[in-house]
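The following paragraphs offer a guided reading of one protein structure. Please keep the sequence and the three-dimensional view at hand while reading.

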Amino acid sequence: MANTEMIREYIRDSGYKMQFVARAMEISATALNHKLQGKTEFKLSEAERLSTMLGLNMAERDACFFDQQNRTDKLMQRAQESRRRAEHDQ
């Protein structure tokens, strides 16, 4: 199962609107929403298309879609970076 929280964060950080992402993935906005809610799974082609669109490297892509340990490590790393950014902005 994909790490939908991490995927949402990458989309949010990209600045792309969900509607644009869905069109680029060649799926409906509803279908993308279902995937991000964990109701349906990403197809391999969708994962590849989204990863390319977001400019994810292989480790980031794997963390989002494939590898549980990488997913956990990457999520922790991004949380720490977000905390650092928030502290810096204050």
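Ser-51 counts as buried, because its relative accessibility is 5% and the cut-off for a buried residue is under 20%. This serine is found in helix α4. What is Ser-51 in contact with, leaving aside its neighbours within four places in sequence? The partners are Leu-56, Arg-61 and Phe-65. It should be said at this point that the model is a predicted one.

One of these partners, Phe-65, leads to the interior of the protein. Phe-65 is among the residues with the most contacts inside the largest nonpolar core, together with Ile-7, Leu-32, Phe-42 and Leu-50. That core has 20 residues. Which elements give two or more residues to it? They are α1, α2, α3, α4 and α5, which cover residues 4-14, 18-25, 29-36, 44-54 and 58-65 respectively. A general tendency may be recalled here: in soluble globular proteins, nonpolar side chains tend to be buried together.

Leu-32 provides an example of the contacts made by a core residue. Residues up to four places away in sequence being left out, Leu-32 touches Met-18, Val-21, Ala-22, Met-25, Ile-27 and Phe-42.

The next topic is helix α5. Its buried residues are Glu-60, Asp-62, Ala-63, Cys-64 and Phe-65. The N-terminal end of α5 is capped by Asn-57, which has a side-chain oxygen 3.0 Å from the backbone nitrogen of Ala-59.

How do the helices pack against one another? Two packed helices are described by the angle between their axes and the distance between the axes. For α1 and α5, the angle is about 135° and the axes are 7 Å apart. The helix α1 is therefore oblique to α5. On the side of α1, the contact is made by Met-6, Ile-7 and Tyr-10, and on the side of α5 by Glu-60, Ala-63, Cys-64 and Phe-65. In this contact of α1 with α5, six residues are nonpolar, none is polar and one is charged. Two of the participants, Ile-7 and Phe-65, have already been named among the residues with the most contacts inside the core.

Helix α1 also packs with α3, at an angle of about 130° and with the axes 9 Å apart. This angle makes α1 oblique to α3. Here Thr-4, Ile-7, Arg-8 and Ile-11 of α1 meet Asn-33, Lys-35 and Leu-36 of α3. By class, the contact of α1 with α3 holds three nonpolar, two polar and two charged residues.

Thr-4, which lies in helix α1, deserves a further look. Not counting residues up to four places away in sequence, Thr-4 touches Lys-35, Leu-36 and Gly-38. Thr-4 and Lys-35 are 31 residues apart along the chain, and their C-alpha atoms are separated by 7.7 Å.

Two other residues of α1 can now be considered. Is Glu-9, which lies in this helix, buried or exposed? Glu-9 is buried, because its relative accessible area is 13% and the limit for burial is under 20%. Beyond residues up to four places away in sequence, Glu-9 touches Arg-78 and Ser-82.

Ser-14 is also in helix α1. With a relative accessible area of 30%, Ser-14 is partly exposed, because this class lies between the 20% limit for buried residues and the 50% limit for exposed ones. A polar atom of the Ser-14 side chain lies 3.1 Å from the backbone nitrogen of Tyr-16. Ser-14 and Ala-59 are 45 residues apart along the chain, with 17 Å between their C-alpha atoms.

The tour ends in the loop between α2 and α3, where Glu-26 is placed. Glu-26 counts as exposed, because its relative accessibility is 64% and the cut-off for exposed residues is over 50%. The phi angle of Glu-26 is near 65°, a positive value in a residue other than glycine. Ser-28 has its place in the loop between α2 and α3 as well. At 42% relative accessibility, Ser-28 counts as partly exposed. From C-alpha to C-alpha, Ser-28 and Met-18 are 9.9 Å apart in space, while in sequence they are ten residues apart. Met-18 has been met before, as one of the residues that Leu-32 touches.

Technical notes. Residues are numbered from 1 along each chain as its sequence is written. This is a predicted model: local features need pLDDT of at least 70, side-chain atom pairs count only at pLDDT 80 or more; totals for chains, interfaces and linings use all residues. Side-chain values use heavy atoms; hydrogens and water are left out. A nonpolar core is a set of buried Ala, Val, Leu, Ile, Met, Phe, Trp, Tyr and Cys residues joined through side-chain atoms within 4.5 Å. Buried means under 20% relative accessible area, exposed over 50%, partly exposed in between (1.4 Å probe, protein chains only). Helices (H or I, at least four residues) and strands (E, at least two) are DSSP runs, numbered from the N terminus. Contact means heavy atoms within 4.5 Å. A polar contact is a pair of N or O atoms within 3.5 Å; within protein, one must be able to donate a hydrogen and the other to accept it, and residues adjacent in sequence count only if both atoms are side-chain atoms. Axes are lines fitted to C-alpha atoms, for helices over the stretch in contact, and angles run from 0 to 180 degrees between N-to-C directions. Angles under 35 degrees count as roughly parallel, over 145 as roughly antiparallel, 65 to 115 as roughly perpendicular and the rest as oblique. Ala, Val, Leu, Ile, Met, Phe, Trp, Tyr, Cys and Pro count as nonpolar, Asp, Glu, Lys and Arg as charged, and the others, Gly among them, as polar.
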